[in-house]
Amino acid sequence: MPSAQGSTSTRASLPGYGGFLTGWSATAFGSGLMLPLIVAYLRETLGVSTSGVSLYFALFALSGLVVNPLAAWIGRVRGPGPTAVAATVLQAAGATWLTAADSMAVTVPAACLSGAGTGIYYAVQTPLLTRAFGDAAFSRVLSGQHRASALMMTVGSLLGGQAVQRLGDDGYTVCLAANAASYLVYGVMLVRLRGTHVEPRDTVSSATDADTEAAAAPGRRSAALRDPVFLRLLVLQSALVIFGLGQFESVVPAVLRDAHLSVVAISVVIACNTAGIIAFQGLALRAVERVGYTGALSVAIVAWMAALAFLAGALMVPAPRGRLLLGVLFGLVFAVGQCLIAPSVQPLVTRTAPPGAVEGYAAATSLAHGLGMFVAPLVVLPVVESGGTGSYLSVQLLGYCLALYVLWSFRTRRTTPREDTVQPAGKAWASR
């Protein structure tokens with residue numbers, strides 16, 4: 001099947017897309033409000049120790065991982081839409097609970113509620129969006145979601161800092177309450193989205209199909225982890241998260257600090273990365289439509305290798321302005337890879353999953369992503385601290401080479417005739 005034309009897949013009207021993006025922008029804004037504040041709130045307002053702050057984030061991550069195996073089952077039984085709405089309620093409950101916290105013990109339920117809600121949502125997001133908008137528009141929806149996240153989280157983080165500066169401790173409460181409300185706004189938009197539904201192929205129901213579906217249900221939970229082709233996709237995703245997506249906010253600032261960049265300069269690098277995502281995402285989506293998902297991922301990894309070269313230069317150049325310039329180039333080129341990855345990985349999941357098993361496969365990728373985000377700083381930060389930046393650059397390069405090898409292995413082990421290119425509207429399910 002030939003690749004889709006950009007005008008077909010990116011400009012066609014999508015019923016419900018505007019409301020979905022509005023709700024997603026609201027929750028991204030709420031998360032952005034708390035992004036620069038949560039650590040300061042826990043330490044300075046609640047008096048939580050550094051180990052207690054680490055425990056909070058660990059409980060948040062572990063709660064999401066614990067509920068992940070149940071999320072796919074709940075999504076199949078109750079549907080991905082209602083499950084996602086329930087997830088936003090849990091997230092709002094966790095944020096609200098945190099507003100009333102006055103000690104470390106009280107933050108534990110807040111972390112568990114928020115983490116569980118986040119874990120459930122991301123486990124059902126893929127079937128939710130493909131059911132609402134169809135496979136043909138999935139990359140477009142993910143691309144818009146990624147751009148909205150970058151924009152609204154940046155705006156939210158700037159306003160969150162201003163709120164605390166002007167209102168003091170009351171500013172934390174205002175931002176926490178706004179974050180909780182943002183989850184509920186998104187939940188309302190998801191309720192409205194339930195009326196939008198793109199029927200997949202094979203929608204003609206029959207007793208035989210129902211019996212087959214019921215018989216296959218018990219094995220779905222582990223079917224994804226027994227699929228050798230899909231396992232390669234999981235390893236690829238884990239590599240992309242551990243050596244890329246999962247460390248830009250935690251490991252990269254430490255590396256840049258070792259390059260003797262000031263805190264202000266590091267903020268400039270991160271801001272340029274965010275600006276790059278906003279500027280490049282539309283172009284990246286068109287590139288994905290031309291070269292396909294696996295081709296786009298190959299380009300993304302090569303872009304990250306190029307970004308690594310700029311980072312190495314920032315570590316070696318003695319002039320402060322030269323270090324900053326190379327750091328900015330690193331952030332911008334890294335954004336190119338992020339923009340290519342965002343609309344590519346999850347569509348590959350829907351192409352790889354057998355009909356009727358998307359929920360199980362999506363939950364497995366959500367689990368891999370969560371584990372990668374949890375492992376990334378735990379694995380890479382000790383490398384920086386013990387071996388220095390040279391060891392860090394070497395580990396990163398090996399990680400990108402691993403990702404390229406696994407991607408090549410995934411392409412050569414494809415055993416089904418599914419296409420990995422973005423498809424025109426009306427043929428969304430033709431190659432599933």
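# Exercises on a predicted helical model

Just after helix H7, Gly 168 adopts a positive phi of about 70 degrees. The model is predicted, and the exercises below walk through it a few helices at a time.

**Exercise 1. Compare the span expected for H7 with the distance between its end C-alpha atoms.**

Step 1. H7 covers residues 138-167, and these are 30 residues.
Step 2. The expected span is 1.5 Å times one less than the number of residues, so H7 should reach 44 Å.
Step 3. The end C-alpha atoms of H7 are 41 Å apart, which agrees.

**Exercise 2. Find which residues form a nonpolar patch on the surface, and classify Leu 151 as buried, partly exposed or exposed.**

Step 1. The patch consists of Leu 151, Val 155 and Leu 159, and together they offer about 230 Å² of accessible area.
Step 2. Leu 151 sits in H7.
Step 3. Buried means under 20% relative accessible area and exposed means over 50%. Leu 151 has 41%, so Leu 151 is partly exposed.

**Exercise 3. Repeat the span check for H5 and H10.**

Step 1. H5 (residues 80-99) has 20 residues, so the expected span is 28 Å; the end C-alpha atoms are 29 Å apart, in agreement.
Step 2. H10 (residues 228-245) has 18 residues, so the expected span is 26 Å; here the end C-alpha atoms are 24 Å apart, which also agrees.
Step 3. Now look at burial. Among the buried residues of H5 are Pro 80, Gly 81, Thr 88, Gln 91 and Leu 98. In H10, the buried residues include Phe 230, Leu 236, Gln 237, Leu 240 and Phe 243.

**Exercise 4. Locate the largest nonpolar core and state which helix supplies its largest share.**

Step 1. This core has 59 residues, and those with the most contacts inside it are Leu 236, Leu 240, Leu 297, Leu 311, Phe 330 and Tyr 392.
Step 2. At least two core residues come from each of H10, H11 (251-258), H12 (263-316), H13 (320-341), H14 (345-352) and H15 (358-412).
Step 3. H12 gives the largest share, with 17 residues.

**Exercise 5. Set the record's transmembrane regions beside the helix content of the model.**

Step 1. An unreviewed UniProt entry lists several transmembrane regions, including residues 229-248 and 324-349.
Step 2. In the model, residues 229-248 are 85% helix and 0% strand, with end C-alpha atoms 29 Å apart.
Step 3. Residues 324-349 are 88% helix and 0% strand, and their end C-alpha atoms lie 38 Å apart.

**Exercise 6. For Gly 134, Leu 37 and Arg 411, give the place, the exposure and a partner distant in sequence.**

Step 1. Gly 134 belongs to the loop between H6 (104-133) and H7. Its relative accessible area is 2%, so Gly 134 is buried. From Gly 134 to Leu 14 there are 120 residues in sequence, but 9.7 Å in space, C-alpha to C-alpha.
Step 2. Leu 37 belongs to the loop between H2 (17-34) and H3 (38-45). At 5% relative accessibility, Leu 37 is buried too. The C-alpha atoms of Leu 37 and Gly 171 are 9.8 Å apart, with 134 residues separating the pair along the chain.
Step 3. Arg 411 is part of H15. With a relative accessible area of 45%, Arg 411 is partly exposed. Val 229 is 182 residues away along the chain, and the C-alpha atoms of Arg 411 and Val 229 are separated by 8.8 Å.

Conventions
Residues are numbered from 1 along each chain as its sequence is written. This is a predicted model: local features need pLDDT of at least 70, side-chain atom pairs count only at pLDDT 80 or more; totals for chains, interfaces and linings use all residues. Side-chain values use heavy atoms; hydrogens and water are left out. UniProt positions are given in the numbering used here, feature names are shortened, and annotations may be inferred rather than shown by experiment. Helices (H or I, at least four residues) and strands (E, at least two) are DSSP runs, numbered from the N terminus. Patches are made of residues with over 30% relative accessible area and no salt bridge: like charges are joined within 9 Å, nonpolar side chains (Val, Leu, Ile, Met, Phe, Trp, Tyr) within 5 Å. Accessible areas come from the Shrake-Rupley method with a 1.4 Å probe; for residues, only the protein chains shown count as cover. A salt bridge is a side-chain nitrogen of Lys or Arg within 4 Å of a carboxyl oxygen of Asp or Glu. Buried means under 20% relative accessible area, exposed over 50%, partly exposed in between (1.4 Å probe, protein chains only). A nonpolar core is a set of buried Ala, Val, Leu, Ile, Met, Phe, Trp, Tyr and Cys residues joined through side-chain atoms within 4.5 Å.
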